[in-house]
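Colleague: Could you walk me through this model, one question at a time?

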Amino acid sequence: MKNVLVTGGAGYIGSKITTDLINKNYNVVVVDDLRTGYKKLINKRAIFYKKNIYFRNQLKKIIIKNKINIIIHCAASIDVVESETFKKKYYDNNVRNTENLLKSIDGTSVKYFIFSSTCAVYGGSNKYVTEKSKLKPENYYGKTKHLAELLIKKYSKKLKFKYVLLRYFNVAGSDIVNKIGCIRNTNSLFKNLSLSIKNKIFKINIYGNDYKTIDGTCIRDFIHLNDISKLHLLSIMKLIKSGKSNIYNCGYGKGFSVSQVIKAFEKEVKNKFKINILKRRKGDIPVLYANNSKIKKELNFKIPSNSLEKIIKSSIIWEQRYNKNET
Ligand SMILES: NC(=O)c1ccc[n+]([C@@H]2O[C@H](COP(=O)([O-])OP(=O)(O)OC[C@H]3O[C@@H](n4cnc5c(N)ncnc54)[C@H](O)[C@@H]3O)[C@@H](O)[C@H]2O)c1
């Protein structure tokens with residue numbers, strides 16, 4: 001059980017998972033069409049196919065040729081704001097292409113499927129969500145991810161594979177050791193703050209400061225890129241050992257507001273940001289953080305201390321030292 005296919009392995013999160021798997025002696029095949037990913041992020045020891053996961057028959061050939069047992073499905077379109085305008089693009093890539101991938105498993109040696117899901121499947125009716133909380137996505141991106149989850153459950157029965165749905169909260173930070181970080185995502189608060197520091201602009205936009213929260217700005221549960229990747233490795237081990245499908249919230253269980261994050265960056269760089277208040281963005285949820293009892297109990301995941309500081313430091317270092325692409 002060491003042959004893994006990572007879809008979206010040239011992206012921010014998929015490239016980190018690929019590297020961690022390779023460092024643990026897994027054989028990794030990456031399928032990515034580089035629409036938002038970067039070839040330079042793909043670990044040199046992975047086998048890379050530049051392909052759209054839309055092409056089911058080609059996927060099947062890749063799976064059979066490389067004797068894949070485990071699929072980690074990261075490939076998706078991920079911009080919440082864009083998803084509200086370009087619904088078809090999001091449905092096609094996140095729902096239909098997930099179904100293509102699932103269909104390509106039929107008649108192969110794939111036994112396990114790990115899915116990059118999101119806290120956006122919960123919506124905003126609950127603030128502190130468990131894996132059993134009601135699913136009521138409020139933005140279109142969240143809806144497509146929920147539909148993909150349902151397809152995975154359906155095909156798991158039909159094709160007899162086991163799955164883990166990992167509902168990531170807000171992923172941020174960089175892997176400085178392996179030089180992996182966020183190259184492109186312009187909707188990421190950490191990315192924009194780090195970029196603004198690098199370019200010595202010290203300006204940031206806040207989308208809405210009239211939410212019913214401690215300081216009027218949205219509250220999120222931010223998890224370090226390194227920990228998101230670690231949760232995939234822990235999930236694979238648990239899945240193989242237990243043989244049971246599962247769902248896990250991947251967050252630290254603590255929320256920080258947008259204003260608190262900005263203040264923490266200011267403290268780190270000893271400089272003030274000029275703040276520009278804009279109107280709320282469609283699809284943004286006011287408060288959402290994870291009940292993470294399950295990852296602590298079942299995956300023995302340890303919540304790190306000073307997590308926000310660690311995320312901030314690694315984001316700034318990545319932007320200043322390693323990210324040569326301007327966005
Ligand atoms: N970044 C976050 O905070 C976050 C939070 C929750 C969930 N997620 C999920 O994690 C996954 C990875 O996100 P990311 O932040 O690394 O995004 P990303 O855009 O950096 O990575 C996505 C990768 O998938 C590839 N891709 C997309 N559609 C494809 C297709 N049809 N065929 C082949 N390749 C395709 C892209 O080229 C890119 O390399 C996504 O599924 C996303 O929904 C991310």
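The questions below go through the sheet, a helix pair, the ligand shell and some strand pairs.

Colleague: Which strands stand at the edges of the open sheet, and why is one side of each left without a neighbour?

Modeller: Keep in mind that this is a predicted model. The open sheet has seven strands with parallel pairing, in the order β3-β2-β1-β4-β5-β7-β12. Each edge strand has a single partner strand, so one side is left without a neighbour in the sheet. The edge strands are β3 (47–49) and β12 (246–250).

Colleague: In β4, which residue is the bridge partner of Thr 7?

Modeller: Start with the strands. β1 covers residues 3–7 and β4 covers residues 70–73, and they pair in the parallel sense over four bridges. In β4, the partner of Thr 7 is His 73.

Colleague: What angle does the direction of helix α5 make with that of β5?

Modeller: Helix α5 (residues 140–159) packs on the sheet. There α5 touches β7 (162–168) and β5 (112–118). Its direction makes an angle with that of β5 of about 160°.

Colleague: Is α6 roughly parallel or roughly antiparallel to α8?

Modeller: Look at the axes of α6 (residues 189–198) and α8 (residues 258–269). They come within 11 Å and cross at roughly 30°. Angles under 35 degrees count as roughly parallel. Therefore α6 is, relative to α8, roughly parallel.

Colleague: How many residues of the contact of α6 with α8 are nonpolar?

Modeller: From α6 come Leu 189, Leu 193 and Ile 197. From α8 come Val 258, Val 261, Ile 262, Phe 265 and Val 269. No polar and no charged residues take part, and the nonpolar ones number eight.

Colleague: Which element gives the most to the shell around the ligand?

Modeller: There are 27 residues around the ligand, and Gly 8, Gly 11, Gly 37, Ala 76 and Val 171 come nearest. The elements that give two or more residues are α1 (12–23), α4 (87–104), β5 and β8 (170–172). With three residues, the element that gives the most is α1.

Colleague: How many residues in the shell around the ligand are charged?

Modeller: Sort the shell by class. The nonpolar residues number 13 and the polar ones 11. The charged residues number three.

Colleague: Which residue of β15 is the bridge partner of Arg 220?

Modeller: β15 (residues 287–290) pairs in the parallel sense with β6 (residues 128–129) over two bridges. There, Val 129 has Ala 290 as its bridge partner. β10 (residues 219–220) also pairs with β15 in the parallel sense, over two bridges. In that pairing, the partner of Arg 220 is Leu 288.

Conventions:
Residues are numbered from 1 along each chain as its sequence is written. This is a predicted model: local features need pLDDT of at least 70, side-chain atom pairs count only at pLDDT 80 or more; totals for chains, interfaces and linings use all residues. Two strands pair if DSSP finds at least two bridges between them. Two residues are in contact if their C-beta atoms, placed from the backbone, lie within 7 Å. Axes are lines fitted to C-alpha atoms, for helices over the stretch in contact, and angles run from 0 to 180 degrees between N-to-C directions. A residue is near a molecule or strand if its C-beta atom, placed from the backbone, lies within 6 Å of it. Ala, Val, Leu, Ile, Met, Phe, Trp, Tyr, Cys and Pro count as nonpolar, Asp, Glu, Lys and Arg as charged, and the others, Gly among them, as polar. Angles under 35 degrees count as roughly parallel, over 145 as roughly antiparallel, 65 to 115 as roughly perpendicular and the rest as oblique.
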